[in-house]
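Here is a short briefing for a reader who is new to this structure. Take a look at the model before reading on.

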Amino acid sequence: MSTPETQNEQAPGYPDFSSQGRLSAGLNPAGEVSADQARAVLKTIPVGFAGGVVPAGVMVWLIHPAGAGTMSLWLWFAWMVMAHGLRVALWIAARRDLAFTEHAAHWLIRLRLGVLVLGLSWAALPVLLSPVTPFDELLVATVIAAVCGAGVAQQSSDAPSALLFMGPPAVSLSVRLLGSSDATLQTVGILSLLYFVFLGLAARRIHASFRELSLLHAQAKRQSLHDALTGLPNRTAFHQRLQEAIARARRRGTEVAVGYIDLDGFKEVNDTHGHEAGDRLLREVTRRWRHALRETELIARLGGDEFAILIEEVDPREAVDQLSTVFGRLETVMTEPVFVSAHQTAVIGMTMGVSRYPQDGSEPDLLLRAADAAMYQLKLRKATRTSWWQLGVQSSAAEPAQTQTTDPYGDSAKGILADAVELLGRANPHFIEAFYAELEADPRSRALLAGLDAPQWAHLKQHQSAYLAMLIDPQASREALVQRAWQIGEVHSLSGVSPALLARASVRYRTLIDQHLDLVGWPLIRRHPLLSLVEARLDDALQAQFAASDAVAQSYLDVLAMPLLARDERWNDALQERLDAMAGLPGVAGVAWYAVRADATLGLERTASAHQPDAFARFFDALGAAGGETERRQPDGASVSAWRTRRLARVDVWSVDEADSYARTLALGLDIRCSAAIPLMNSAGEVWAVLALYGNYPGQFAPASMQQWMLGVQHQISSLRIRACADH
């Protein structure tokens, strides 16, 4: 069993995950410095080629030794060109190495060897000068000094490279000049020696400053990617690693699993023993997890007591067995109690939802949200679950049977709820406020809710209140509750509320009720049956909301699945069929088709509405009559914007679109809250028509999934038009 002393050895810091055999979230500081040095040296190669070859060629051209010396100098110049060419090849190879950062130390050694070859090449030049005039001696000394100065300045970020480049020619030139019989050349030799010593000291000082800055940069980078308390990768690092893992899985044909973990009982440890005990617990738990994981597994802290695990190289044929083995290791290391103080221990549990690529999404955010939703769904059944982890968000039919001694809608349940309905009703306003506060805290939801005015806010909360009232209504049947939950789920789906947030809200509602029961001192013998009934009804309602969300998504996909032009089917009929199908989609008040006319204006040609076709048509008639100018004849700015920019356009919240005040007044009677426009283009890239959709919910067309759907519609109708033209 672990003791406080052994746990204290795992103090918070920044462990080197690569050395622990885990999916590394970055190099250690020494590796980062080597990478920075190697990059700096690499950058000098293209410039160094010109700065080395040109002076060498000019000098060989100007020097005229007697006899065979000329041939030796030209051979030396050819060697210099080849040596610089080899360094350029090294530069190209390093740029193509996708794992350059991981191999930085090896590349740095190769680069230093290349620099040494250049230094030895320049050192050979004084040896080849025999016999030459004093002028040639001074010319060579000047060129070598200039080349060494420039080379040291370029290589100063890595002192060994600078010294390897300067050292050989400095020794060779100084020995030749000091050994000369000419007093002037001897004096030049002394000055050259002092000059080279100065260059060496300067290179060493610059190298030290570079390393210091590089270490600070590495530390800052590591801190930005790691959790300060546990040393684990943070959310940003996990997101990066997951993106890389998805790319590798796509190439290899394997799967990636993402687990979203929440610690059970952590809040009680914090409340009972203090935050220091909670921090100690988190450090010990993460220490155990790190030792339980392998090369293809990564654990990260997302915040608080929430963690994420990434598992690569999952075999699609044995995914469940493979994941069970990994999660079994995590569960095993959690069986021992954890010391939270000198003499106090705690045993905590875990709840984890798991998603898989590609089944549950192809983007990191989608996989994390899917795992989060599964985790909260499992947490909702904490009292009756048979496993601490769950693979994906499950439907009611797929969930394990729960032990339910009381029918949540039977006579016994009605009596239990009747005794507590007033108490439960007092919890509803608190939950509604907390639910919408969380929606406002979410960046995506906040932007959409910002466009709602006070009556619209009140309307939303009224619907939510009616739903909660039915949830605890003793007389409510399962069919009525499921129908109401389905309606709420459809609204949430079209408003962009994620399944994870719905699951989290259900857990919060159950917790809120538990807290109210604590306040009034309900005994456990009464509390447990009531909470079991509420959980069962919550589960039915939540599954209905999930099913509604799936149904909404499927209905939109069905439009994209409509076949192309059938034999003998006319273009106009096929187009109207699709417009009618889109007009009948959940959340769509109607659609409109605008054609670009010969006078370069956008004119309304046809409309479709499944619910209020007459009112929808009058809406456009009234708008055209009141618009006056050509541009003002459009129902909203999205259609004009799509026409002009040739891109998808939308107005997320009509209530804040001041440019269309008249259209807004009419649209509110039709429950139009937003609009989107899809430009249709010919092969020349010119817009020939615009398809406009009018939605019932603010921001309905803003999510990325909806943007992809509109692009699919754009492609479908363009293909339909090409097919129609080809047939005629």
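Two strands count as paired if DSSP finds at least two bridges between them. By that rule, strand S1 (residues 255-264) pairs with S3 in the antiparallel sense, over 7 bridges. The model is predicted. The points below start with the whole chain and then take its parts in turn.

**The chain as a whole**

- The chain holds 23 helices and 12 strands.
- Of its 728 residues, 50% are buried.
- Take the contacts between residues at least 6 apart in sequence: 71% of them join residues at least 24 apart.
- The chain exposes about 34,100 Å². Carbon and sulfur atoms supply 57% of that area.

**Strands S1, S2 and S3**

- Strand S3 covers residues 306-314, and 8 of its 9 residues are buried. The strand is therefore largely enclosed by the rest of the structure.
- On the S1 side, Val258 has Leu310 of S3 as its bridge partner.
- Strand S2 (residues 297-303) is joined to S3 by 6 bridges, and the two run antiparallel.
- In that second pairing, Arg301 stands opposite Phe307 in S3.
- S2 and S3 form a hairpin, with 2 residues between them. Gly304 sits in the turn and has a positive phi of about 60°.

**Helices H10 and H11**

- Helix H10 spans residues 275-292, and helix H11 spans residues 319-333.
- Their axes come within 9 Å and cross at roughly 140°.
- The crossing of H10 past H11 is right-handed.
- Which residues meet here? Arg288, Trp289 and Ala292 in H10 meet Arg329, Leu330 and Val333 in H11.
- Sorted by class, this contact of H10 with H11 has 4 nonpolar residues, 2 charged residues and no polar ones.

**The five-stranded sheet**

- 5 strands form an open sheet, in the order S9-S8-S12-S11-S10. The pairing is antiparallel.
- Strand S9 (602-608) and strand S10 (649-651) stand at the edges. Each has a single partner strand, so one side of each is left without a neighbour in the sheet.
- From one strand to the next, the twist averages 20°.
- Strand S8 (residues 588-596) pairs with S9 in the antiparallel sense, over 6 bridges.
- One residue of that pairing is Ala592, whose bridge partner in S9 is Thr607.

**Helices against the sheet**

- Helix H19 (residues 571-583) lies across S8, S9 and strand S12 (687-695). H19 runs at about 65° to S9.
- Helix H21 (residues 637-645) also packs on the sheet. H21 touches S8, S9, S10, strand S11 (674-681) and S12.
- The direction of H21 makes about 150° with that of S12.

**Leu191 in helix H7**

- Helix H7 runs over residues 183-225, and Leu191 lies in it.
- Is Leu191 buried or exposed? Leu191 has a relative accessible area of 54%. The cut-off for exposed is over 50%, so Leu191 is exposed.
- Ser174 is 17 residues from Leu191 in sequence. In space, the two are 9.1 Å apart, C-alpha to C-alpha.

Key: Residues numbered from 1 in each chain as written. Predicted model: local features only at pLDDT ≥ 70, side-chain atom pairs only at ≥ 80, totals over all residues. Heavy atoms only, no water. Helix = DSSP H or I, 4+ residues; strand = E, 2+ residues; numbered from the N terminus. Axes fitted to C-alpha atoms, helices over the stretch in contact; angles between N-to-C directions. Contact = heavy atoms within 4.5 Å. Buried < 20%, exposed > 50% of the residue type's maximum accessible area, 1.4 Å probe, protein only. Areas by Shrake-Rupley, 256 points an atom, 1.4 Å probe, with all protein chains shown as cover. Left-handed = near helix turned anticlockwise from the far one by under 90°. Nonpolar A, V, L, I, M, F, W, Y, C, P; charged D, E, K, R; others polar.
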